[in-house]
Amino acid sequence: MVDFLLAVLGVFANCTVCGVLLRQKRLVKNFSNFHLFNLSLTDIVFRLALTPVLLTIENIAVKHGSNALCKLGAFGTYTTLAVTFTLLLGIAFDRYAHIVHPIRARYITWKHSRNVVLISWLYAGACSSPFLYSMRYVKEDWNLTADAEYELCLSTFGPPFQISSSVFLVFCVLGPSDINGCGVRQDFKSPVAASSK
């Protein structure tokens, strides 16, 4: 019940953000607004399409589950999570460009934003694709009835899941964080050291 309520509230909040951006015609005015709009759309997709699937495959034990549904649920979840990280990196880059290079930042158009969003989805899909291999329905022996075996959608223990998790962690979480951190560190060098060169 709590998951359902959070999904409904999330859809309402993100629809409000999208509505404000569309109504005020701020969507194509700058890079950050376009990324914010797509961030809200990503969250709406996750909450409307993936939350029911995830609640079903993660909480309901079945006798013969569909591996395709299990794999697509995990892939969709990790893909939307990776897109969120890359879009947040795009927003941080836009703020950086407008503060440090305000003249050059004026040449960033909505077409650049559209291309970055498309690349973000492709990149996220590529980084999440190892989960298509490592997720499957696994038999669990529950004592619900005598000698009954049920299946749950779980990751394959061992190297497949370790590789999938490592690829996702390095390329979708740590990578964007490091890129963002390097840009900030470079700009906050001491003015005295910079003027002495």
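**Fold, core and cysteines of a predicted model**

Residues 24 or more positions apart account for 69% of the contacts with a separation of 6 or more in the protein chain, a contact being a case of heavy atoms within 4.5 Å. The structure is a predicted model, in which local features need pLDDT of at least 70 and side-chain atom pairs count only at pLDDT 80 or more, while totals for chains, interfaces and linings use all residues. Residues are numbered from 1 along each chain as its sequence is written, and side-chain values use heavy atoms, with hydrogens and water left out.

The protein chain contains eight helices and two strands. These elements are DSSP runs numbered from the N terminus, with helices (H or I) of at least four residues and strands (E) of at least two. Following the sequence, the order is α-α-α-α-α-α-β-β-α-α.

Turning to the surface, the protein chain exposes about 12600 Å², of which 68% is supplied by carbon and sulfur atoms. Accessible areas come from the Shrake-Rupley method with a 1.4 Å probe, and for residues only the protein chains shown count as cover. Of the 197 residues in the protein chain, 31% are buried; buried means under 20% relative accessible area, exposed means over 50%, and partly exposed lies in between (1.4 Å probe, protein chains only).

The interior can be explored through its largest nonpolar core, which has 16 residues. A nonpolar core is a set of buried Ala, Val, Leu, Ile, Met, Phe, Trp, Tyr and Cys residues joined through side-chain atoms within 4.5 Å. In this core, the members that touch the most others are Ala82, Leu87, Met135, Phe168 and Cys172. Two or more residues come from each of helix H2 (31-59), helix H3 (67-100), helix H5 (110-128), strand E1 (135-140) and helix H7 (159-187). H3 provides the largest share, with six residues.

Ser120 offers a closer look at helix H5, where this residue is placed. With a relative accessibility of 6%, Ser120 counts as buried. Leaving aside residues up to four places away in sequence, Ser120 touches Val83, Thr86 and Leu87.

The cysteines complete the picture. Zero disulfides are found in a search of the whole structure, a disulfide being a pair of cysteine sulfur atoms within 2.5 Å. For Cys18, which is in no disulfide, the nearest cysteine sulfur belongs to Cys15, 6.3 Å away. Cys18 counts as buried at 7% relative accessibility. Cys172 is likewise in no disulfide, and the nearest cysteine sulfur, that of Cys127, is 3.6 Å away. Cys172 is buried too, its relative accessible area being 0%.
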